[in-house]
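Got your viewer open and a selection box ready? Let's walk through this one stop at a time.

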Amino acid sequence: MNSIYNLLLEEMEEYFISHNDKKFHADQLFDWLYQKRVNSFDEVTNIKKEMIEQVKKDFSISCLTLVTKEEDTDVNKYLFRLTDGEMIEAVLMRHDYGNSICVSSQVGCNMGCAFCESGRRKRVRNLETAEMVEQILLVEEDIKERISHVVVMGIGEPFDNYDNIIKFIKIINHPKGLQIGSRHITVSTCGLVPKIKEFMNVPYQVNLAISLHAPNDTLRNQLMPINKVYPLNELFQALKEYEKVTNRRLTFEYILLEGINDTAECAMELVSLLKGMNGYVNLIPYNETEHLTFRRSKQLQIMKFYDILKKNHIGVTIRREFGGNISAACGQLRSKKEEA
């Protein structure tokens with residue numbers, strides 16, 4: 001059954017009109033769902049009972065159930081079961097500027113990045129919009145606090161599920177939906193060039209992050225198969241066009257893997273690649289997993305890499321580490337549960 005959380009406000013209005021009901025009932029139902037946070041249609045009191053019975057026939061109100069939660073300092077990792085039995089993850093991170101959630105966009109992933117636990121297990125299917133929206137709702141319900149920032153950087157390649165991602169952004173950004181500011185929403189892609197070009201014309205000031213992880217084609221081909229389809233030259237042509245159209249700053253995600261992409265030579269190549277770009281590099285200490293042989297770069301090497309970028313006037317941050325004591329790597333908790 002279709003989830004009510006799949007509907008934009010405009011689609012909900014059309015639904016009520018198609019049942020010879022009042023258009024403003026869509027506003028009221030949106031309010032019950034996203035402001036009052038009802039868990040049952042029976043809690044809705046200002047729409048006539050016959051109409052609510054019709055809504056109950058046509059829509060479900062829940063498609064996720066919590067399987068398990070792991071907690072560490074300032075981070076919770078959630079494993080959810082979908083109605084078809086598949087499982088996905090979401091991660092809550094507490095920052096001084098508010099609560100941030102990393103949501104999944106697919107069950108599994110077809111991009112096959114060598115260092116990624118999600119990519120080790122192939123895509124089963126795309127998530128529906130509702131299944132992404134509910135990750136936020138259920139985590140907010142658990143922590144009894146508002147989530148102010150969203151990153152679509154969990155299991156899956158968001159641009160491989162493009163239409164549902166755009167719908168998700170519209171719902172969580174809507175003033176009658178979750179009211180999350182567009183500048184507080186970040187979508188990450190490993191480099192699907194046609195979708196980057198499409199995304200640059202979306203009328204929302206949503207942030208774009210590029211999973212880069214290598215400064216040259218040879219190394220990126222080894223780590224990220226998508227690079228064989230859209231090599232760096234093609235990717236950066238699209239990103240420069242994106243900058244011109246949107247005037248928005250890009251984030252370049254760069255996971256540091258010991259002895260592979262963390263050398264001084266790699267840092268200098270990255271400087272050359274990013275020269276003149278309106279963006280910054282987010283260096284990510286690697287979360288090791290038992291199924292993959294990659295190792296986290298030593299702290300001294302991370303700082304050397306950081307210093308080279310900084311001295312060459314490339315904006316750079318080191319991502320604060322979360323979840324070192326739990327299954328924090330993307331897809332790790334799902335794998336642990338399903339492969340136990």
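## Stop one: an odd backbone angle

Select H213, which is buried, with a relative accessible area of 4%. This is a predicted model, by the way. Look at the backbone here: H213 has a positive phi of about 65° although it is not a glycine. Most residues other than glycine have a negative phi. To get your bearings, H213 sits in the loop between β9 (207-211) and α8 (217-223).

Now jump to N20, where phi is also positive, about 55°, and again the residue is not a glycine. You'll find N20 in the loop between α1 and α2. Is N20 buried or exposed? It counts as exposed, because its relative accessibility is 73% and the cut-off for exposed is over 50%.

## Stop two: the helices on either side of that loop

Stay here and select residues 9-18 for helix α1 and 24-34 for helix α2. Their axes come within 8 Å and cross at roughly 130°, which means α1 is oblique to α2. The crossing of α1 past α2 is right-handed.

Which residues make the contact? Show side chains for L9, M12, E13 and F16 on α1, then for H25, A26, D27, L29, F30 and L33 on α2. Colour them by class and you should get seven nonpolar, one polar and two charged residues.

## Stop three: another helix pair

Next, pick helix α5 (residues 129-143) and helix α6 (residues 162-173). These two pack at an angle of about 40°, and their axes are 9 Å apart. That angle makes α5 oblique to α6. Here too there's a right-handed crossing, with α5 passing α6.

For the contact, α5 brings T129, M132, V133 and I136, while α6 brings N164, I165, K167, F168, I171 and I172. By class, the α5 contact with α6 has seven nonpolar, two polar and one charged residues.

## Stop four: the sheet

Switch to cartoon view and trace the strands. How many strands form the open sheet? There are 10, and they run in the order β1-β2-β3-β4-β7-β8-β9-β10-β11-β12, with mixed pairing. At the edges stand β1 (64-72) and β12 (315-318); each has a single partner strand, so one side of each is left without a neighbour in the sheet. From one strand to the next, the twist averages 20°.

Bring up helix α12 (residues 299-311) as well, since this one packs on the sheet. α12 touches β10 (250-256), β11 (279-285) and β12. Compare directions and you'll see α12 makes about 160° with β12.

## Last stop: inside the sheet

Zoom in on β8 (residues 185-189) and β9. The two run parallel and are joined by four bridges. Strands of a sheet pair through backbone hydrogen bonds, either parallel or antiparallel. For a specific spot, click V187, which stands opposite L208 in β9.

Finally, turn on a surface and look at β9: four of its five residues are buried, so β9 is largely enclosed by the rest of the structure. That brings you back to the starting point, as the loop holding H213 lies between β9 and α8.

Methods: Residues are numbered from 1 along each chain as its sequence is written. This is a predicted model: local features need pLDDT of at least 70, side-chain atom pairs count only at pLDDT 80 or more; totals for chains, interfaces and linings use all residues. Side-chain values use heavy atoms; hydrogens and water are left out. Axes are lines fitted to C-alpha atoms, for helices over the stretch in contact, and angles run from 0 to 180 degrees between N-to-C directions. Angles under 35 degrees count as roughly parallel, over 145 as roughly antiparallel, 65 to 115 as roughly perpendicular and the rest as oblique. A crossing is left-handed if the near helix is turned anticlockwise from the far one by less than a right angle, and right-handed if clockwise. Contact means heavy atoms within 4.5 Å. Ala, Val, Leu, Ile, Met, Phe, Trp, Tyr, Cys and Pro count as nonpolar, Asp, Glu, Lys and Arg as charged, and the others, Gly among them, as polar. Buried means under 20% relative accessible area, exposed over 50%, partly exposed in between (1.4 Å probe, protein chains only). Two strands pair if DSSP finds at least two bridges between them.
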